[in-house]
Amino acid sequence: MPDGIAIIADGHTTRLKWHRLQRRPEDIPFTPARLREGMALGTSMEVDLRRRADGGFACLHDDTLDRETTGHGPVAVAGVADLRALWMRGKDGTPAGERLLLLEDLAELAAAGADPATLVQLDLKETDAVLDGRSVDAFRAALAPVAGRFILSGGDWAAVRRLGAAVPGLRLGFDPCDDDTLGTLVTATDAGRFIAAALDRAPEAAMIYLSYPIVLRADALGVDLIAACHAAGRTVDAWTLNPDHPGAAAALARLVALRADQITTDAPGVLEAMFGAAQRP
């Protein structure tokens, strides 16, 4: 199985980002072992952030604890001691032998050393309305010493800017996609307006995160969203493409041809192998 780090084609490198720190579909999300492995290899990885009771952050996707951990209830009312007592759950819901990571843990692991190419996306799942001074202080304290290894992204640009402004050297990213975006792209004009608005909304964003079906829909309409971002000096992450998606091989080939800078996936090695197999006669 390939390493699942990047695809190189026609002189362009498309990184394969380990979604939720998963190198394989069966992986437990957000584990220290996968983070260390990825940092040693210089990979691109992603971790979700949810605000906890003290204003700091836990590495979780959901706003409740029940599905991902052995805890119950909203993450926002859970204290540090409560969270540190929890175990992560496997895909089948069974408790696994992995503790829940907090942002401080993540930063400590990153400080232990990493290949210079390592980049960890912190995908903020909160809106600006739930952040306060404690959140900013906790984020700054954790990330300031290791800012160069991270990029903070999210769909609420005000929230991303608020936290990002507290940490010099931290790269920022913006995700303009929501559940309704794909359905609004009916004409080339729609696609052009969508990407223009995204770039205008987040002028400091180094990377734009685009749902891969949106990229492909725009491409079918004759609009290259990735080229538009590149022309504006931004890089592009296309999310989240997995090998079991219908038409995955064709989608992967087209995203690479469009020169996506990064593709988010739960199975980077399988995706790399799929691309390689498609290139062989």
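Visitor: How far apart are the end C-alpha atoms over residues 45-269?

Guide: Happy to help: this is a predicted model, where local features need pLDDT of at least 70, side-chain atom pairs count only at pLDDT 80 or more, and totals for chains, interfaces and linings use all residues. Residues are numbered from 1 along each chain as its sequence is written, and side-chain values use heavy atoms, leaving out hydrogens and water. Over residues 45-269 the chain is 35% helix and 20% strand (DSSP runs: H or I, at least four residues; E, at least two; numbered from the N terminus). The end C-alpha atoms of that stretch are apart by 13 Å.

Visitor: Which residue stands opposite L210 in β11?

Guide: Strands β10 (residues 207-211) and β11 (residues 235-239) pair in the parallel sense over 5 bridges, pairing being at least two DSSP bridges. Opposite L210 in β11 stands A238.

Visitor: What is the handedness of the β-α-β crossover from β11 to β12?

Guide: β11 and β12 (residues 262-265) run parallel, joined by 2 bridges. The chain crosses between them through helix α10 (residues 248-257). With the strands pointing away from the viewer, a clockwise path from the first strand over the helix to the second counts as right-handed. This crossover is right-handed.

Visitor: Are α10 and α11 roughly parallel or roughly perpendicular?

Guide: The axes, lines fitted to C-alpha atoms over the stretch in contact, of α10 and α11 (residues 268-279) come within 10 Å and cross at roughly 85°. Angles from 65 to 115 degrees count as roughly perpendicular and those under 35 as roughly parallel, so α10 and α11 are roughly perpendicular.

Key:
Axes fitted to C-alpha atoms, helices over the stretch in contact; angles between N-to-C directions. Parallel < 35°, antiparallel > 145°, perpendicular 65-115°, else oblique.
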